[in-house]
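Please examine the sequence and the three-dimensional model shown here. The report considers the overall form of the chain, one of its strands and some details of its backbone.

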Amino acid sequence: MAQTKNQRFIMRTVILGILVVAIGYTIYSNLTKDKVAVLEVGDQAPDFTLVDMNGEKHQLSEYKGQGVFLNFWGTWCKPCAKEMPAMDNQFQEFKDKGVQVLAVNIAQSNLEVNRFAEQYDLTFPIVIDKEKSVMQAYNIDPLPTTFLINPEGKIERIITGEMSEQNIADFMTQIMPE
């Protein structure tokens, strides 16, 4: 009887020790990991350069003076697929009015993205963030997420989730140069 009490005491002590170590590690890792600043309306949009499906480089800062409808998406994302045709329609309406669409795919293969773009007959530039560095710089979660960037390069609005075609038209009007 005394032996089973000792065994239980030892077992409980070991379990308690493991819990203390796990909690300590969690607190330590949360305090020491690099924090990426959360972007807010009014912040300067972080610059980046990515390559589109035609091999052309797109640098965000080169769009200065124009509004940029910066959309982060994935081919597997159902809301992304639903809003893409509407984005393309509005791109056709606004591209000559100084509003550009730049669609950033999150780390998928060129084949997947090309197939998707052809399926929906998309005409705006699509770039792939293979290293997820732009996704991290913009703290993207969830998809789709869209940043409205004004002609001065500042974030005008951040939209998460699916947009209707009317929403997209209204948002593009907001970032149109005067």
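The sections below go from the whole chain to single residues.

## Overall architecture

The model is predicted. The chain contains five helices and seven strands, and along the sequence these follow the order α-β-β-β-α-β-α-β-α-β-β-α. Its radius of gyration is 23 Å, well over the 16 Å that the globule rule gives for 178 residues, so the chain is more spread out than a compact globule. Along the principal axes, the C-alpha atoms fill a box of roughly 85 × 35 × 30 Å.

Of the 178 residues, 38% count as buried. The accessible surface of the chain amounts to about 10700 Å², and carbon and sulfur atoms contribute 54% of that area. Among contacts between residues at least 6 apart in sequence, 71% join residues at least 24 apart.

## Strand S4 and its neighbours

Strand S4, residues 99-106, is mostly covered, with eight of its eight residues buried. Cover is present on both faces: Val99, Val101, Ala103 and Asn105 are buried on one side, and Gln100, Leu102, Val104 and Ile106 are buried on the other.

Strand S3 (residues 67-73) pairs with S4 in the parallel sense over seven bridges, and Gly67 stands opposite Val99 in S4. The chain passes from S3 through helix H2 (residues 78-94) to S4 in a right-handed β-α-β crossover. S4 also pairs in the parallel sense with strand S5 (residues 126-129), over four bridges; here Ala103 stands opposite Ile126. S4, helix H3 (residues 110-120) and S5 form a right-handed β-α-β unit.

## Backbone features in the loops

The loops on either side of H3 each contain a non-glycine residue with positive phi. Ala107, in the loop between S4 and H3, has a phi of about 55 degrees. With a relative accessibility of 33%, Ala107 counts as partly exposed. Asp121, in the loop between H3 and S5, has a phi near 55 degrees. At 58% relative accessibility, Asp121 counts as exposed, because the cut-off for that class is over 50%.

Cis peptide bonds occur in the loop between helix H4 (133-137) and strand S6 (145-149). The bond from Asp141 to Pro142 is cis, with omega near 5 degrees, and the bond joining Leu143 and Pro144 is cis, with omega about -10 degrees. Pro142 lies in this loop, as does Pro144.

Terms used: Residues are numbered from 1 along each chain as its sequence is written. This is a predicted model: local features need pLDDT of at least 70, side-chain atom pairs count only at pLDDT 80 or more; totals for chains, interfaces and linings use all residues. Side-chain values use heavy atoms; hydrogens and water are left out. Buried means under 20% relative accessible area, exposed over 50%, partly exposed in between (1.4 Å probe, protein chains only). Helices (H or I, at least four residues) and strands (E, at least two) are DSSP runs, numbered from the N terminus. Two strands pair if DSSP finds at least two bridges between them. A crossover is right-handed if, with the strands pointing away from the viewer, the path from the first strand over the helix to the second runs clockwise. The radius of gyration is taken over C-alpha atoms; the globule rule is 2.2 Å times the number of residues to the power 0.38. Contact means heavy atoms within 4.5 Å. Accessible areas come from the Shrake-Rupley method with a 1.4 Å probe; for residues, only the protein chains shown count as cover.
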